[in-house]
Amino acid sequence: MKLLPVALAALVTRQARQVFMGGGASSMVSGVDRLRADLSGLSDEDRRAMALVSRARLAEGLSDIGAEIHQLLAICKQPLGEWLPVAAVKDAGLNSVRLIDPEDRMPTLEAEELAVGFSGVTGLLEEQVFAAFQDALSQQPVKDANEYYSQARAFVVRNPVIQRSKMFRFYGGLPTPVWTCIDQQFYEPVPASLVAGDGATLCGHCGNIMVVSGGALRCTTAGRGTPLMKLSGDSDSVWNRLLLDLHAPAAQGRNAFIGGTSIATIMAMSGRFGQAAERLTAGIVKSPKEFRDEYSRKLLTGLSLIADMFPLSRLAAAVEDEEEVQAHLDARQGLERIWDYAAKRVAFREGGEALRHLNELQREDDGEASGDQPPAAASSGMGDSEVSKIAAQMHVTPDAVRAYAAEVLDALDTWDREGTDEYLNVLARVLLRAPGLAPAKEPKFFTEHVRLLANVTLLVLQHFGLGPHLRLLNGQGILGDEVFESRPSKELLGLVPESLAGRLSGVRYTVGDEGDVDIAHVGFVGTPRMLMHRIAQLGRDSGDTGPAVLLTSATSLLQDSPSYHINEGPHYVLRRPNAGAGWADSRYFFLPLKDPYDDRQRLFFSGSRVSRREFVLKAMATELLEGGRVSKVESALAQNDVVDGVDRKAAFVVNSYEQCEMLYDHIRQQFPAWRDRVRYLVRGGVLASASEHGITASEVERLGDDKDWDLFIFPMSAIGRGVNIVYKFGPRADKAMIGSLYFLTRPHPRSDSLGFLQGVVGAASEAFDQASFASPEEALAAMRARRSEVSLKVAALLRLPQASRALGEFGRPFVADQMIMILQTIGRAMRGDCPAFVYFVDAAWAPKSANGQPDNNRTSMLLMMRRILDDCLTHPDAALRDCYENLYRSFYAPLAAISGLKTEDD
């Protein structure tokens, strides 16, 4: 428990950094984020620190306050000795220390000092183990110590789980202090829960333990895939954080930390990484618009780009001989292998561990044994066996393969060093001469393809090589946590199957309205939604009955929504007794507002340029509030559902916390009569800055006690499910306070969001997992067919902008996903059987109607929502139809009668 005070102080400082410097589930490389998403959840390290607090308190017979982050941070404003009376605090003389200043709600100096250099609970334990190992090695001659270190490292990496007898055979060649340290510090007995009978099954890929899950063996090691990692386009990017945390301090004179050889080497590596990031960005910006648009949002990999450079489709149109088609595919695969070899050599010129590890992973994925090639070949990736395979694929001699590979390597290396178009053209000419692939004439944009191929490949490899060193910098307190991506836990991946997309990964870029380029590394790992199906099976493999699971969710029943719909049941439906029909008085309005500078135009927020959006929101607020007692909002307050003289409140729904604050400031400046009548949502957390009228999501329900407000501004997705804003006083107690909702923006995911794509892949994977097959052969054939279908969908979605009008066949499921949050938000105005009055202000809800023309399901999100609900309420399955009737009738009726919307049926 000696770690407790330090771990807790580090938790406090991390939370402060997250609030004031931003945090997210993705890691970025460079650029500026214009539409910041909400803060991410707690990290594994946060939860470890909280668990230490819980354990310490419970051991002393005290209540558990470590389970909830806000409660824990709040009590950190008190002296540690008052609420954490444990030896670790007392012995360190920390009884009177506060970790958070109660006045300014910032980490105290003592908290900062305690947290300095702390790399995490797990990291600190690893450092202690390594220190003990170094101490044992220090007792040996330097030459021998280096050899013992190499032997021990190789042994531990290759044998994460091993029998005792094999350990002793290895110990025979080591001095007693060294093998004793390995035996006592590096290994521990295998937990009984992971042992079946007298032994354990090990994974043939990594050597770790296999466990039974869902009737099948699964490895307990986390997968190598990366769910999402932006590589350019955010102020918290990897490259930006490297500049701010590593390079800038060194350049400004705070450079004592670079004395070690490893730090200087890492700085050089990070410089190459930054060069690769900026070179890719520059290449995208300067490329022809037609080419740039073609590849925007498309998943880019070395394989896909080479396929586009030497497409089979053009050849297939003129060739009927299957052998010639296969020869083309084989030759292209040979070029892929040569390119892979050359790119790795250029990215890792110094060779080293990163290149060896990368080649080993690739051989494992290819099903090759690591001992098939000599060390030299393992390092370079072009051994005799590899050359022979390529020669057979390209129908040339091994010497011709070596000569061509040397040409590719030299051309790529020269271009990487020089970076000019002159050498890029040389590389393009070399690739045009690929054996078995050389086209009759140079394809259109071939040089641009080569530029994109080289930049994408080298950036991914540079990041792979830099990745392990980022952990070192983070552990030494030099680099912040923002550079690490979020990924599913290994425990979760051990319970769920792989998705039908497989471990697909690549690079994708988008170009913003202002020409800024965002670049992300995209990957798919597992099918987390299948945990819903798997959780009831836990324990059954060991003879237990498994847990009883009750899943309740209304928004998990919308058949068109790939992200939210759960394809199971429902088995029970809970009906509210004595449910009223107050919703029948609900009214919806399409209310596009005029542009103050052009009466002929309407105000569009969604789809407008980023630089114009602040103006649009302010103009909307002005038109809704100006006019005093006869303003649109005042009129709504005076007319909508006023009972016994008690009115209801209004709300502006926007997309972000920043927009909330911006509108609040605008209203205070322009409308003095509203200054004390407005409340707005701010980011949560004890460390968040105070605001006179700002409230956090956890404080929202307190609005029910506040008699002084009339307008609430909040982002649609920021208030959690089950949070109700109802009167807690007077004759309308327990009735919804908010009665008039103004959607100033049309809800829309960020342009770089992969939520919808992940939903489509997850839904397909879920459907396949629930299917039954007569034989393994039938199942495998079906899996191949489904994977092919999903791959086509992924390719199509990555190339399309996230707009319902542009998504074609995917437009309907896209709108269904957005509907979930929209209906939840409207539902907040219907608590206590109250009617809701909803105003869709953004002209983008129905762009043609805003200009006096009829809309249809494709052009208007409102009409598509209406069509989806109509199909639900007329579903052929009686049970589902009844469920939909209870869930969605109260929304469908006012949407069907919405005013201000023109349709083609009118």
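This section describes the salt bridges of a predicted model and the surroundings of one loop residue, Glu626.

Side chains of opposite charge can pair when their charged atoms come close. In the predicted model, 30 salt bridges are present. One of them joins Arg451 to Asp421, with 3.1 Å between the closest N and O atoms. This pair links distant parts of the chain, as Arg451 belongs to helix α22 (residues 446-475) and Asp421 to helix α21 (residues 421-432), with the two positions 30 residues apart in sequence. The partners are also set apart by their accessibility. Arg451 has a relative accessible area of 10% and is therefore buried, the limit for this class being under 20%. Asp421, at 35% relative accessibility, is partly exposed.

A further salt bridge is formed by Asp595 and Arg612, whose closest N and O atoms are 2.8 Å apart. Asp595 is located in strand β7 (residues 594-595) and Arg612 in helix α25, so this salt bridge ties together parts of the chain that are 17 residues apart in sequence. Asp595 is buried, with a relative accessibility of 7%. For Arg612 the corresponding value is 30%, and this residue counts as partly exposed.

Asp598 and Arg600 likewise form a salt bridge, in which the closest N and O atoms lie 3.1 Å apart. Asp598 has a relative accessibility of 21% and is classed as partly exposed, because buried residues are those under 20%. Arg600 reaches 69% relative accessibility and counts as exposed, since the exposed class begins over 50%.

Salt bridges also occur in a connected arrangement. Asp560, Arg812, Arg867, Asp870 and Asp871 are joined into one network by salt bridges that share partners.

The loop residue Glu626 was examined separately. Glu626 is situated in the loop that runs between helices α25 (610-625) and α26 (632-639). With a relative accessible area of 45%, Glu626 is partly exposed, because this value falls between the limits of 20% and 50%. When residues up to four places away in sequence are not counted, Glu626 touches Ser631 and Phe671. Phe671 is 45 residues from Glu626 in sequence, whereas the C-alpha atoms of Glu626 and Phe671 are separated by 7.8 Å in space.

How values were computed. Residues are numbered from 1 along each chain as its sequence is written. This is a predicted model: local features need pLDDT of at least 70, side-chain atom pairs count only at pLDDT 80 or more; totals for chains, interfaces and linings use all residues. Side-chain values use heavy atoms; hydrogens and water are left out. Helices (H or I, at least four residues) and strands (E, at least two) are DSSP runs, numbered from the N terminus. Buried means under 20% relative accessible area, exposed over 50%, partly exposed in between (1.4 Å probe, protein chains only). Contact means heavy atoms within 4.5 Å. A salt bridge is a side-chain nitrogen of Lys or Arg within 4 Å of a carboxyl oxygen of Asp or Glu.
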